[in-house]
Amino acid sequence: MKKIILLMVVLTLTVALTACAGGTAPVTPAVPAPTPEPIPEPVPEPAEDDADYEETTYDYGAYEYEERPRELVTITDFDGNVAEVRQNPSIVAVYDQGILDIMYTIGFDRFGIETLIVPNPNGLPSVLQGINDIPDLRVLDGGTLFYVNWDVLDLVPPELIILGARSFGMNAAGDRLDPDDVAEFRATTEERYAETSFVRLTINARDSDLLNDMTANAEVMAQIWPHIADDLMYEIDSIREGMKYVAAVAEESGFRAVFLMMTTPDNFSLFLANSRMDMVYEEFGFTPVIPPEDLGDFTDQHGFEARAEFVLALDPDVIFLLDRNQMNDNIPESAGFTALLSDPIIQRTSAYLGGHIYALYPQEWYTVVGGFASARQMVADMMRFVESFRNAE
């Protein structure tokens with residue numbers, strides 16, 4: 001009966017957000033070293049005796065190009081579309097920030113990219129701003145995440161365009177396009193640049209399948225840039241092991257968790273299972289405060305509006321908070337986080353009483369999702385729970 005009442009409360013809440021928008025230092029992509037080193041073996045699984053997880057970061061080194069293969073390869077992109085792509089393109093447009101994160105982490109010189117076209121390079125999230133300062137990399141403004149700017153592509157036609165989830169969603173004036181106009185915009189663009197390969201590599205922002213999406217994207221990139229296949233798979237293996245370690249401890253704890261995004265000091269968007277923040281429950285193994293079977297097929301891309309009283313009614317053992325107001329500065333333990341901890345209603349929750357309320361880095365969890373550095377930061381954020389739980393034993 002309690003499940004039914006609680007479900008009725010949840011499903012009557014209004015979707016709050018209408019647009020997509022801690023203590024551990026943010027992960028900064030490694031700057032390539034002057035000499036290459038061998039690829040280390042993947043991180044082994046934690047032993048049965050619960051050996052401590054240790055994160056490792058590989059220094060990829062510079063890549064010496066002799067003759068890069070230019071064969072055509074057949075790939076299947078995020079949408080399931082099959083495309084012919086010529087290997088090792090050096091002029092590339094990228095409209096997905098998670099893919100930019102992957103390239104930044106490995107190193108654009110390792111990819112062999114000489115000209116990079118990105119949406120609004122001066123407006124990139126702070127964790128990606130260093131792209132503008134990479135020596136010998138020409139960075140051009142290719143429009144926005146929604147608008148592919150023909151004026152730039154006409155001057156410097158890319159060999160490959162990697163599209164994101166929002167690509168072609170707006171016109172030059174910033175007006176949103178309906179699905180038919182989106183399809184026409186893309187078709188016209190592909191016809192205009194007939195010598196360019198188009199692929200969409202992104203993640204599902206509605207019902208997250210983060211690790212599988214990242215793996216699929218890395219496998220496609222490994223086909224296009226085969227000389228860095230081992231580098232890409234090393235990162236995927238390392239991230240997978242970190243997630244598995246956290247999930248093992250989360251399962252052991254049996255704690256029920258909830259993900260909150262602060263929109264104002266008094267309001268939150270609450271993300272349950274089957275949402276864009278499902279990685280908290282799937283990859284990181286926390287039990288959701290409301291079981292997925294009680295939600296049916298419902299998904300909540302933008303979260304539910306909720307106040308402190310509703311959070312108390314759910315009474316989670318763990319609360320993860322992202323302060324959306326700090327997205328630009330990427331501050332986790334913000335004034336909003338302090339206000340949450342000071343709320344007398346939140347102070348009655350099991351999460352507060354057990355000391356399990358954690359602030360998250362906004363950009364890594366919301367805007368640059370799907371990248372290697374962002375996924376490593378996710379693991380680092382979750383490791384704060386692991387350390388706290390272990391220290392309390």
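**Exercise 1.** Find where E184 sits and which surface patch it joins.

*Solution.* Start with the fold: E184 belongs to helix α5, residues 179-192 (helices are DSSP runs of H or I with at least four residues, strands are runs of E with at least two, both numbered from the N terminus). Next, check exposure: E184 has a relative accessible area of 51% and is exposed (buried is under 20%, exposed over 50%, partly exposed in between, with a 1.4 Å probe and protein chains only). Finally, D178, D180, D181 and E184 form a negative surface patch (its residues have over 30% relative accessible area and no salt bridge, with like charges joined within 9 Å; Asp and Glu count as negative; the charge is placed at CG of Asp or CD of Glu).

A word on the model: it is predicted, so local features need pLDDT of at least 70 and side-chain atom pairs 80 or more, while totals for chains, interfaces and linings use all residues. Residues are numbered from 1 along each chain, and side-chain values use heavy atoms, without hydrogens or water.

**Exercise 2.** Which salt bridge does R192 make, and what does the pair tie together?

*Solution.* First, R192 pairs with D154 at 2.7 Å, N to O (a salt bridge is a Lys or Arg side-chain nitrogen within 4 Å of an Asp or Glu carboxyl oxygen). Then place the partners: because R192 is in helix α5 and D154 in helix α4, the pair ties together parts 38 residues apart in sequence. Last, R192 is partly exposed at 42% relative accessibility, and D154 is partly exposed at 37%.

How values were computed
Patches are made of residues with over 30% relative accessible area and no salt bridge: like charges are joined within 9 Å, nonpolar side chains (Val, Leu, Ile, Met, Phe, Trp, Tyr) within 5 Å. Accessible areas come from the Shrake-Rupley method with a 1.4 Å probe; for residues, only the protein chains shown count as cover.
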